[in-house]
Amino acid sequence: MANITINSELCKSCKYCIGACLQKIVRVSDCSNAKGYRYVEQFAVEKCTGCRLCAIVCREAAIEVYK
């Protein structure tokens, strides 16, 4: 099982990672970071395959994937 971590302070809610996720386990959070962006979060952790597409498309390098 893989897991992703998202640095909420770096996320600008561009949503590229949401579109890239083949498992559809990334969504926009209800919370905002210090800059006012509603950052993304992972849910359904058990479905993550560790493909790293979310991290690859993240322009802010806010996502890290661990296998």
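This is a guided tour of a predicted model, going from the whole chain to single residues and charged pairs.

Before selecting anything, note that residues are numbered from 1 along each chain as its sequence is written, and that side-chain values use heavy atoms, with hydrogens and water left out. In this predicted model, local features need pLDDT of at least 70 and side-chain atom pairs count only at pLDDT 80 or more, while totals for chains, interfaces and linings use all residues.

**The whole chain**

Begin with the protein chain in a cartoon view, where the secondary structure comes to two helices and four strands, and where the elements, read from the N terminus on, run β-α-β-β-α-β. Helices (H or I, at least four residues) and strands (E, at least two) are DSSP runs, numbered from the N terminus.

Turn the chain next to judge its extent: its C-alpha atoms fill a box of roughly 30 × 20 × 20 Å, taken along the principal axes. The radius of gyration of the protein chain is 11 Å, which agrees with the value near 11 Å that a compact globule of 67 residues would have; this radius is taken over C-alpha atoms, and the globule rule is 2.2 Å times the number of residues to the power 0.38.

Now switch on the surface, whose accessible area comes to about 4,300 Å², with 51% of it belonging to carbon and sulfur atoms. Accessible areas come from the Shrake-Rupley method with a 1.4 Å probe, and for residues only the protein chains shown count as cover. Of the 67 residues, 33% are buried, where buried means under 20% relative accessible area, exposed over 50%, and partly exposed in between (1.4 Å probe, protein chains only).

**Tyr 16**

Select Tyr 16, which lies in helix H1 (residues 16-20) and counts as partly exposed at 40% relative accessibility. Leaving aside its neighbours within four places in sequence, Tyr 16 is in contact (heavy atoms within 4.5 Å) with Val 57 and Arg 59. Add Cys 54 to the selection: although it is 38 residues from Tyr 16 along the chain, their C-alpha atoms are separated by 7.5 Å.

**The charged pairs**

How many salt bridges does a search of the whole structure find? The search finds three, a salt bridge being a side-chain nitrogen of Lys or Arg within 4 Å of a carboxyl oxygen of Asp or Glu.

For one of them, select Glu 60 and Lys 12, whose side chains meet at 4.0 Å, N to O. Glu 60 lies in the loop between helix H2 (53-57) and strand E4 (63-66), and Lys 12 in the loop between strand E1 (3-6) and H1, so the pair ties together parts that are 48 residues apart in sequence. Glu 60 is partly exposed, with a relative accessible area of 32%, and Lys 12 is partly exposed at 38%.

Move on to Arg 27 and Glu 41, which form a salt bridge with their closest N and O atoms 2.9 Å apart. Because Arg 27 lies in strand E2 (residues 26-28) and Glu 41 in strand E3 (residues 40-42), this pair ties together parts that are 14 residues apart in sequence. Arg 27 is partly exposed, at 39%, and Glu 41 is partly exposed, at 27%.

End with Asp 30 and Arg 38, a salt bridge in which the closest N and O atoms are 3.7 Å apart. Is each partner exposed or partly exposed? Asp 30 is exposed, with a relative accessible area of 72%, whereas Arg 38 is partly exposed, with 39%.
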